[in-house]
Amino acid sequence: MKKAFRILGMLLVALVVIAAAGVLYLRYTFPKVDAAPAITINKTPELIERGAYLANHVAVCIDCHSTRDFSRFSGPIIPGTEGKGGDVFDHSMGFPGIFYARNITSDNETGIGNWTDGEVYRAFTTGVSRNGDPLFPVMPYKSYANMTTNDAYAIVSYIRSLDPIRHEVPKSKPDFPMSLILRTIPSGKPTPTDEHALQDELVRGKYLLTIAACAECHTPQEKGAPIEGKYLAGGFEFKAPNGAVLRSANITPDKQSGIGSWTEEAFVKRFKSHEISEATAAKLAPDAFNTIMPWTMYAGMEEADLKAIYKYLMSVEANPNKVERYTPPAAVASN
């Protein structure tokens, strides 16, 4: 019996050693990404303007890295908070931990004022911070990795132009084992799109939809991975703090459950209708329908770009998938 316990003890020690070795391997070997490039971007007014357009109306970086007023429809940005960070993604929303959007202003103490251009570029295109720590992919860096080099540099230039805001954001705290899994997600290096290819409207539409990360929200997932065969079919769930559940729309060209019956004009108008301040001026009741879709930001997209996205959406496979868009908190509680 003593021999059996001794053998069991040795096995347990061996398992602990193997587990510790595995943790150390993940901790010090991953993420496997290239070093930040040694670049200094010539931040011309034209490049900053392009970056402002992309960061506010296409890739909508400013969406998560600012404070949004969810007492109004679509949670418009509160003026003066652009880039200060602090948006929280936690267990109440189904995330495996507590993740914060960091301060991306040029404040040296709490922002990224001390980061190099290459470190900023690497962060949003490969998913690692200045010190090499992995970033949770709620920031869709695998989509941003497809940006043309000029567009990525434009975003860096614009971010550098933001007024510094002193605002300390807590460190993200992934749950175990996500704290280890997270280290394996960033990989490789950016894969920039050839800028010349964007002269084709269909290609440009796909490109814009990709860097806008539309598929991230409009493709349903299971266990953190997109469901095969459900590209852009909607149904991805967002849990609101009040208990309500919002689900993304089907944006495939299915005529019954998607946008197949929409004209190009109707598609563009759907976005542009939120360009006027009256669209989000009214305060909402606590249990009223709301959305995290930043309509007021996407409303600023150029009509030519919206038309290109529409053309691409009409080219993908129609996917029947009727989505119950919203379940109010009372209905969720009764189930």
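Visitor: A disulfide is a pair of cysteine sulfur atoms within 2.5 Å; how many disulfides does the structure hold?
Guide: This is a predicted model, and its cysteines can be judged by that cut-off. The sulfur of Cys61 has its closest cysteine sulfur in Cys64, 9.1 Å away, which is too far for a bond. Cys217 is likewise in no disulfide, since the nearest cysteine sulfur, in Cys214, lies 8.5 Å away. For the structure, the number of disulfides is 0.

Visitor: Is Cys61 buried or exposed?
Guide: A residue counts as buried when its relative accessible area is under 20%. The relative accessibility of Cys61 is 12%, and therefore Cys61 is buried.

Visitor: Which residues touch the most other members of the largest nonpolar core?
Guide: In soluble globular proteins, nonpolar side chains tend to be buried together. Here the largest nonpolar core has 54 residues, and the helices that each supply at least two of them include H2 (45–57), H4 (117–126) and H12 (303–313). Phe124, leaving aside neighbours within four places in sequence, is in contact with residues including Met139, Tyr141 and Ile155. Those touching the most other members are Val58, Phe124, Met147, Ile155 and Leu313.

Visitor: Which residues are closest to the centre of the second largest pocket?
Guide: This pocket has a volume of about 270 Å³, and its lining is made up of 7 nonpolar, 7 polar and 3 charged residues. Helices H2 and H11 each supply at least two residues of that lining. Of the 17 lining residues, the closest to the centre are Pro76, Ile77, Thr280, Thr296 and Met297.

Conventions
Residues are numbered from 1 along each chain as its sequence is written. This is a predicted model: local features need pLDDT of at least 70, side-chain atom pairs count only at pLDDT 80 or more; totals for chains, interfaces and linings use all residues. Side-chain values use heavy atoms; hydrogens and water are left out. A disulfide is a pair of cysteine sulfur atoms within 2.5 Å. Buried means under 20% relative accessible area, exposed over 50%, partly exposed in between (1.4 Å probe, protein chains only). A nonpolar core is a set of buried Ala, Val, Leu, Ile, Met, Phe, Trp, Tyr and Cys residues joined through side-chain atoms within 4.5 Å. Helices (H or I, at least four residues) and strands (E, at least two) are DSSP runs, numbered from the N terminus. Contact means heavy atoms within 4.5 Å. On a 1 Å grid over the protein atoms alone, a cavity is a set of points where a 1.4 Å probe fits but cannot get out, and a pocket is an open set with protein on both sides within 12 Å along at least five of seven lines; lining residues have an atom within 4 Å of a point. Grid points are joined across faces, edges and corners, and a volume is the space filled by probe spheres set on the points. Ala, Val, Leu, Ile, Met, Phe, Trp, Tyr, Cys and Pro count as nonpolar, Asp, Glu, Lys and Arg as charged, and the others, Gly among them, as polar.
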